[in-house]
Amino acid sequence: MSTVTFRVVRDIGGDDVSTPGASGMPLLQVENLSTAFRTSRGILRAVDDVSFTLDKGETLGIVGESGSGKSVLVRSIMNILPRTAIIPPQTKVILEGRDTRRLSKAEAKHFWGTKIAMVFQDPMTSLNPVKKIGTQITDPLRFHLGMSKSAARTRATELLELVRIPEAAQRLNQYPHELSGGMRQRVVIAIALSCNPTLLVADEPTTALDVTVQKQILDLLETLQRDLQMAMILITHDLGVVAGRADRIAVMYAGRMVETADTASLFRNMRHPYAEALLHSIPRLENPSHTRLDAISGRPPDMVKPPPGCRFAPRCRYAQDRCVTEPPELLTTNEPGHSFACFFPVGTPEGEAALAANLAAGMSATGLDLHAQAVS
Amino acid sequence: MAGTGKAHLRDSDDVLIRVENLVVEFPAGRGRVVHAVSDISFDVLEGETLGLVGESGCGKSTTGRAMMQLPRPTGGSVAFDGVEMTTLGGEDLRRMRTRMQMIFQDPVSSLNPRRKVKDIVAEGLSIWGSTIGTFSTERVNETLEAVGLDPEIVSDRKPHQFSGGQCQRICIARALVLDPKVIICDEPVSALDVSVQAQILNLLEDMKARYGLTLVFIAHDLAVVKNVSDRVIVMYLGKMCEVAPPDALYRSPAHPYTRILIDSIPEPDPSKATEDQAISGEIPSPINPPSGCRFRTRCPKVQDLCASDEPVLREVGPGHYVACHFPNEVAVSIER
């Protein structure tokens, strides 16, 4: 355990702009959250010193590739990690004034569901295949809220109507395999909402679904969130999914938050080269067909041995010598609420000069071949 | 939609695959039948990328598999390079399939976890190598290098040691090793992150140029299909809605369903946040598809005619065909 070192607290993204909630404090406050796992190859730092706040009714989009630590981050917040997870004592996760990490087992049992609930990626595996839909929705109602069997059943029908499932009453007697993927995800959402949580965590809720169904589910989540005044953390690898829906976006790379801002300013003044690269890798409809995509070359680093400097440096077109040795801090810009961790940010004189120098040399300081990337 | 018709078939010497009146039905028990693909026709020119796009259950994957005779279609014909595939059997069919390979959606589960990468890639060669005379370790290594993997490092590893994107590269190498003419890509990027998706799409374009491939690209995301295709077919519930060059399809979608597919794509630009209505309801059961136009139950422009008469594909612009009684106006002036 002593081998795990964590960086000193710096900036808390968005803290200075967030409008205080009704009680004068944010709904969720995450400070210096770090999560590591002991593996046979050494300590794997999945999440490294992440801090942010979330207000009542606000939507935070967390964006990053597979392995960027976004799912471990929300599982740490929910406190549903395997026992092998190592979380240092300075980590604080405060939801409505309570530190979720210091709840007793008995308290935690009712904390999940009534305060914080989660929707997972794959609606088939998050439902129990051998239990009827009705049982799966009434279980939390009876357990958390102590409802009677008949009251819970009435409420379950209402919940299915809330998530716009047609013929709600008949659905209670069906099994998950009798429903389509989109309908199953609606059921999962209904279960998550059953006990009126104040925070809904949606971990890639639409990745397994078609684009048309994705739009239905995202629209549904947005409406429900507004009507029920829930806060929401929406995790995705697709910047397009959060662009029109989140109030604020945090971009994660290799366990760290690399840029965070409110949605409009992030897209207006994208600073981190990784955020820019993610955006450029999306195929755009307005481009003619056979337009070559700006793929990010390489892969995320091995989190057992992350690079010592900026973790994105090996894949970054802007990388300079400084990026290889020194890790950049997440610092606030003159734009309130907008922070990023980069020495040579996109769209600044330093960044432009760094990119121009790398393009002239044909490679970045880490040896990334820029010419090959542009041509091959 | 629910279109039949052959107005869009091309009369060219370059036609590599011609599919006519393809019907695929599956028994569903108690005498019921799943109408997965109902009477569709299309052709693929040599060197072309044909995109098949639609929601889950529209029959796009079944169409791709029926072209490979996996399983054999219930009716219709599939002519590949002048040879009728549906009547071929045994060794003749297997030999034909070496020239037509497939890549699947989930790269991890389509690789045998207990075998080494070099054996997975060499599988086709070890079966066919002696007859086509190209079996060699060099051929395997060359193919692995072509898809961006270092043979020295990857040859002796097993699939679980690779990420999803790398597994998809291995699948592509396996498909390429027999030097096929056609690769059918069944949702090759929908299980991948956007950043990896871009790498794989670029790789497919490179491989197409390098090996002179013809691709059939199946996906549910129109933005992805548009990026790689020369011609796009929009499918719904086993029928064809619209056939068009990708740029025309995006600029002026004639079929209401195509419009909905385009509007569903999340736009990575908050200033363009659309207020478009999501499509309502679910795709109807293919056991009992709606009469007339199969899209009528969800169509915003539905009329009485749509329930009684099935629309037939007709030309609305250059190379642009639609099966709809009330198509959106196609901006022909911009087309030129």
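Two strands pair if DSSP finds at least two bridges between them. Helices (H or I, at least four residues) and strands (E, at least two) are themselves DSSP runs, numbered from the N terminus. With these terms in hand, the tour may begin in chain B.

The model is predicted, and local features need pLDDT of at least 70, side-chain atom pairs count only at pLDDT 80 or more, and totals for chains, interfaces and linings use all residues. Residues are numbered from 1 along each chain as its sequence is written, while chains are lettered from A and ligands numbered from 1 in the order in which they are written.

**Stop 1: the eight-stranded sheet of chain B**

Select residues 100-103 and 182-186 of chain B. These are β6(B) and β7(B), which pair in the parallel sense over four bridges. Within this pair, B:Ile103 stands opposite B:Cys185 of β7(B). Next, add residues 164-176 of chain B, helix α6, which packs on the sheet and touches β6 and β7 of chain B (contact: C-beta atoms, placed from the backbone, within 7 Å). The direction of this helix makes about 175° with that of β6(B); axes are lines fitted to C-alpha atoms, for helices over the stretch in contact, and angles run from 0 to 180 degrees between N-to-C directions.

Now display the whole sheet. It is an open sheet of eight strands in chain B, with the order β6-β7-β8-β3-β9-β10-β12-β11 and mixed pairing. Strands β6 (100-103) and β11 (314-317) of chain B each have a single partner strand, so one side of each has no neighbour in the sheet. From one strand to the next, the twist averages 25°.

**Stop 2: the four-stranded sheet of chain B**

A second open sheet in chain B has four strands in the order β2-β1-β4-β5, with antiparallel pairing. Its edges are β2 (33-45) and β5 (83-84) of chain B; each has a single partner strand, so one side of each is left without a neighbour in the sheet. Select residues 15-27 and 75-80 of chain B to see β1 and β4, which form an antiparallel pair over five bridges. B:Arg18 stands opposite B:Ala79 in β4(B). Helix α1 of chain B, residues 60-67, lies across β1, β2 and β4 of chain B and runs at about 115° to β1(B).

**Stop 3: chain A as a whole**

Turn to chain A, which contains 13 helices and 13 strands. Its C-alpha trace spans about 70 × 50 × 45 Å along its principal axes. Of its 376 residues, 50% count as buried; a residue is buried if 20 or more other C-beta atoms lie within 10 Å of its own, exposed if 12 or fewer, and partly exposed in between, with C-beta atoms placed from the backbone. Among the contacts in chain A with a separation of 6 or more, 67% come from residues 24 or more positions apart.

**Stop 4: strand β10 of chain A**

Select residues 248-253 of chain A. Six of the six residues of this strand, β10, are buried. A:Arg248, A:Ala250 and A:Met252 lie on one side, and A:Ile249, A:Val251 and A:Tyr253 on the other. In a regular strand the side chains alternate between the two faces of the sheet.

Add residues 59-63 of chain A, strand β3, which pairs with β10(A) in the parallel sense over four bridges. The bridge partner of A:Gly61 in β10(A) is A:Ile249. Then add residues 256-262 of chain A, strand β11, which pairs with β10(A) in the antiparallel sense over six bridges. Here A:Met252 stands opposite A:Met257. The hairpin of β10(A) and β11(A) has two residues between the strands, and A:Ala254 takes a positive phi near 50°.

**Stop 5: helices α3 and α4 of chain A**

Select residues 133-145 and 149-162 of chain A. The axes of these helices, α3 and α4, come within 9 Å and cross at roughly 115°. On the α3(A) side the contact is made by A:Gly134, A:Ile137, A:Thr138, A:Leu141 and A:Arg142, and on the α4(A) side by A:Ala152, A:Arg153, A:Arg155, A:Ala156 and A:Leu159.

Also in helix α4 of chain A is A:Ala151. This residue is partly exposed, with 14 other C-beta atoms within 10 Å. A:Ala151 and A:Leu141 are ten residues apart in sequence and 9.1 Å apart in space, C-alpha to C-alpha.

**Stop 6: where the chains meet**

Finally, show both chains together. The contact takes 40 residues from chain A and 36 residues from chain B. On the side of chain A that touches chain B, α7(A) supplies the largest share, six residues.

Note on methods:
Two residues are in contact if their C-beta atoms, placed from the backbone, lie within 7 Å.
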